Amino acid sequence: MRVVVDLTRCEGYGQCAFLAPNVFTMHHSEALMYALHPDDAERERVLRAAAACPVQALVVDQMYSLGRPAKAVPATAGDGKRRARVDRIVIVGASLAGLRAAATLRREGYTGSLTLISAEPHEPYDRPPLSKQVLTGQVAAEDTALPRRIEVEAEWLLGQRATRLDLAAQQVLLADGRKVDFDRLLIATGARARPWPNEAEAALDGVFVLRTNDDAARLRRRLAERPGRVLIIGAGFTGSEVASVCRELGLDVTVAERGPAPLASALGRTIGAIAADLQRDHGVDLRCGVTVTALEGDGDGRLRRARLSDGTTLDVEVAVAALGAERNVEWLEDSGLAAGVWGVACDAGCRAFDINGLVTENIFVAGDVARFPHPVYEYQFLALEHWGNAVTQAQVAAHNMISAESARWPHLSLPVFWSAQFGVNIKSVGVPTFADEVVIAQGSVAERRFVAVYGHRGRITAAVAFDQAMWLDFYQAQIEQAAPFPPGPGMVGRPSHTQVMLADVPERMSPAHGATVVVTGHNPDERRVTLVRRR
């Protein structure tokens, strides 16, 4: 059996840990860990736990196979006036977003041809456990396959890389020379780990990135050999979670973060300072405002030391480059879509823009690779690497691919993400970086149990909880209703003294770094855009 907990819904009640303690464990107050592939002897307990979960966050599969191709018949399920006639759908990218889109298509009655293309040879798997359960050894990397509640009848082309999109011919070209025709296409190619920029240093034995289950398996094997010191380059969520695992395993770890604090790029410097104290309290050698200038190896190509910008040298055997992600868009170059380092631009209905900013009718985007406008945040374009966003956006995209214009949905869900590190469950709703100010609205920072509420121009825009996840549904409603900031008095658990502080979020980076456009023509019927890429 396979299990996954939708931690965007989980509020830390711990019913699962009581009912199936061999599968679910609650670290400290709310940080839930679980076995993704428990023994079948645990099935009855797991099913009871799933039924008892107050927020229904547990998903248990029935071990369906990947499925065989369905017969290509027109997809006109339900009310024909609300359905578009579509015979062939292709999804490029078969991870969480791709799988959820495929399941949604079948659940909504689509019976036409469905093809999923993935550069990875593995069936769809869950990524959040890679930096947690897999690195600790609780779960094997090969046991992270995503549960499937229904059998998805489709042609699965795993280990096949898409190399080009021909919009005019409506074809996806593969690395082996094949051409796959489509009526509707969903781009769900996600992102990859940004590598260490020096190729020779990145090739040293002991230098790792963490994005795929193969990455996690390699890093787990090296950590199990108990290296003398691990260097984490970057203190975002991935870097901080790896540092947490290293301390849990009793390993010495140094974190080098060029910014002022861990998580500052996501939560702002004020809350990032609390995350810094959390790391240092757990024995992490945290160095902020510091970069790694060089990684050095021995004569056999093994990593041995690192040089830092503060003039120090560290003896290290393992270095993890946690430098963020790069969108997988290279195969879309010269396709005519608005695709670049920022991802693939689309409207709120997940329809891709072409290079001129016009909405396409047969190309859709979902997941980490998508960049979309959100009305709550002044229609600014968001690019999110969140589990919950991949799920919801894939469902919206799949529905819209087979629906008539009048029946399509907008993707308006608020971003939700979580991270478990150093025994603390950190969970957020909204966009913390879209804020000017922040206030501790509930709980205690000293006890690491609090809710920080963010505001922008007098309204609530986000909330971040440290071991207080049960409050986020309330704050989600506050954000959606444009409630005033700061929150009013009378809140349960409100500190006796509250102080509105600067959120100190980083300056918003231009998403067009590395690319620009040239506009040609004079009259409206002849003006066009050409994308120019800087290498």
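Strands, labelled E, are DSSP runs of at least two residues, numbered from the N terminus. In this predicted model, Arg 457 falls in the loop that connects strand E31 (449–456) to strand E32 (459–466). The phi angle of Arg 457 is near 55 degrees, a positive value in a residue other than glycine. Arg 457 has a relative accessibility of 70% and therefore counts as exposed, the cut-off being over 50%.

A positive phi near 55 degrees, again in a residue other than glycine, is found at Asp 504. Asp 504 is placed in the loop between E33 and strand E34 (515–520). With a relative accessible area of 42%, Asp 504 is partly exposed. On the other side of E33, the loop between helix H11 (472–480) and strand E33 (501–502) contains Pro 486. The peptide bond joining Phe 485 and Pro 486 is cis, with omega at about 0 degrees.

Helix H9 covers residues 269–281. Its 13 residues, at 1.5 Å a residue, should span 18 Å, and the end C-alpha atoms are 18 Å apart, so the expected and modelled values agree. The buried residues of H9 are Ile 271, Gly 272, Ile 274, Ala 275, Ala 276, Leu 278 and Gln 279. In an α-helix there are 3.6 residues a turn, so residues three or four places apart point the same way. Just after H9, Gly 283 adopts a positive phi of about 90 degrees.

Gln 171 belongs to strand E9, which comprises residues 171–174. The relative accessible area of Gln 171 is 16%, and the residue is therefore buried, the limit being under 20%. The side chain of Gln 171 makes a polar contact of 2.9 Å with the side chain of Asp 181. Beyond its neighbours within four places in sequence, Gln 171 is in contact with Arg 164, Leu 165 and Asp 166, and also with Lys 179, Val 180, Asp 181 and Phe 182. Asp 181 thus appears both in this contact list and as the partner in the polar contact.

Internal space was also examined. The structure contains 3 cavities of 30 Å³ or more, and the largest cavity encloses about 90 Å³. A set of 15 residues lines the largest cavity, and those nearest its centre are Cys 10, Tyr 13, Gly 14, Cys 16 and Cys 53. By class, this lining is made up of 11 nonpolar, 3 polar and 1 charged residues.

Terms used
Residues are numbered from 1 along each chain as its sequence is written. This is a predicted model: local features need pLDDT of at least 70, side-chain atom pairs count only at pLDDT 80 or more; totals for chains, interfaces and linings use all residues. Side-chain values use heavy atoms; hydrogens and water are left out. Helices (H or I, at least four residues) and strands (E, at least two) are DSSP runs, numbered from the N terminus. Buried means under 20% relative accessible area, exposed over 50%, partly exposed in between (1.4 Å probe, protein chains only). A polar contact is a pair of N or O atoms within 3.5 Å; within protein, one must be able to donate a hydrogen and the other to accept it, and residues adjacent in sequence count only if both atoms are side-chain atoms. Contact means heavy atoms within 4.5 Å. On a 1 Å grid over the protein atoms alone, a cavity is a set of points where a 1.4 Å probe fits but cannot get out, and a pocket is an open set with protein on both sides within 12 Å along at least five of seven lines; lining residues have an atom within 4 Å of a point. Grid points are joined across faces, edges and corners, and a volume is the space filled by probe spheres set on the points. Ala, Val, Leu, Ile, Met, Phe, Trp, Tyr, Cys and Pro count as nonpolar, Asp, Glu, Lys and Arg as charged, and the others, Gly among them, as polar. The expected span of a helix is 1.5 Å times one less than its number of residues.
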